[in-house]
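Trainee: I'd like a close look at one small part of this model, and then how the rest of the picture fits around it. Could you walk me through it?

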Amino acid sequence: QVQLVESGGGLVQAGGSLRLSCAASGRTFSIGAMGWFRQAPGKEREFVAAITWTAGDTYYADSVKGRFTISRDTATSTVYLQMNSLKPEDTATYYCAVGSYSALARDYRYWGQGTQVTVSS
């Protein structure tokens, strides 16, 4: 199993920045890819970004492309999500996950507990 712990969420004004972190532990040698998803109240969980663990290939949702950057540190088994130019519609609980390099939540096996991001207008 892989355990995931997110951190870095908070309250920020529109146009501001936040950096989320997700630390993995356990069977980290089995990680093929990690992703970030988010879920706003009353909405379905949606894909944000993904990264392959070995090569570092990245993939973004159109809604965050050019504003968010996903990266990873394989030495510490940590994945990051740098979020710039934040908008009120980015408000959600953000989750990191371990699984296949995919935009589909069903392709991810392990999930963190989530961290809240609130963007005020």
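What does Ser77 count as, buried or exposed, and at what relative accessibility?

Mentor: Quick housekeeping before the serine. This is a predicted model, so local features need pLDDT of at least 70 and side-chain atom pairs count only at pLDDT 80 or more, while totals for chains, interfaces and linings use all residues. Residues are numbered from 1 along each chain as its sequence is written, and side-chain values use heavy atoms, with hydrogens and water left out.

Now your residue: Ser77 has a relative accessibility of 11%, so it counts as buried. The cut-offs are under 20% relative accessible area for buried, over 50% for exposed and partly exposed in between, with a 1.4 Å probe and protein chains only. Ser77 sits in the loop between β7 and β8; strands here are DSSP runs of E, at least two residues, numbered from the N terminus. Its phi is near 55°, a positive value in a residue other than glycine. Ser85, in the loop between β8 and β9, also has a positive phi, near 50°. Ser85, though, has 41% relative accessibility, so it counts as partly exposed.

Next, the strands on either side of that first loop. β7 (68–73) is one edge of an open sheet and β1 is the other, each pairing on one side only. The sheet has 4 strands in the order β1-β3-β8-β7, with antiparallel pairing. Two strands pair if DSSP finds at least two bridges between them. Ignoring direction, neighbouring strands in this sheet are turned by 15° against each other on average, where axes are lines fitted to C-alpha atoms and angles run from 0 to 180 degrees between N-to-C directions.

Going through the sheet, β8 (residues 78–83) is joined antiparallel to β3 by 6 bridges, and Val79 of β8 stands opposite Cys22. On the way to the other edge, β3 (residues 18–26) and β1 are also antiparallel, joined by 6 bridges, with Gln3 opposite Ser25. In a regular strand the side chains alternate between the two faces of the sheet. You can see that pattern in β1 (residues 2–7): Val2, Leu4 and Glu6 point to one face and are buried, while Gln3, Val5 and Ser7 point to the other and are not.

Back to Cys22, which forms a disulfide with Cys96, S to S 1.9 Å (the rule is two cysteine sulfur atoms within 2.5 Å). It links distant parts of the chain, from Cys22 in β3 to Cys96 in β9 (residues 92–99), 74 residues apart. The torsion about that S-S bond is about 50°, so the disulfide is right-handed. Cys22 and Cys96 are both buried, and the structure holds 1 disulfide.

Arg45 is another spot to zoom in on. Its charged end sits over the ring of Tyr95, 3.9 Å from the centre, and over the ring of Trp111, 4.7 Å from the centre. That call needs NZ of Lys or CZ of Arg within 6 Å of the ring centre and within 35 degrees of the ring normal.

Finally, Thr115 belongs to β11 (residues 115–120) and is buried, with a relative accessible area of 11%. A polar atom of the Thr115 side chain lies 3.2 Å from the backbone nitrogen of Gly9.

Note on methods
A polar contact is a pair of N or O atoms within 3.5 Å; within protein, one must be able to donate a hydrogen and the other to accept it, and residues adjacent in sequence count only if both atoms are side-chain atoms.
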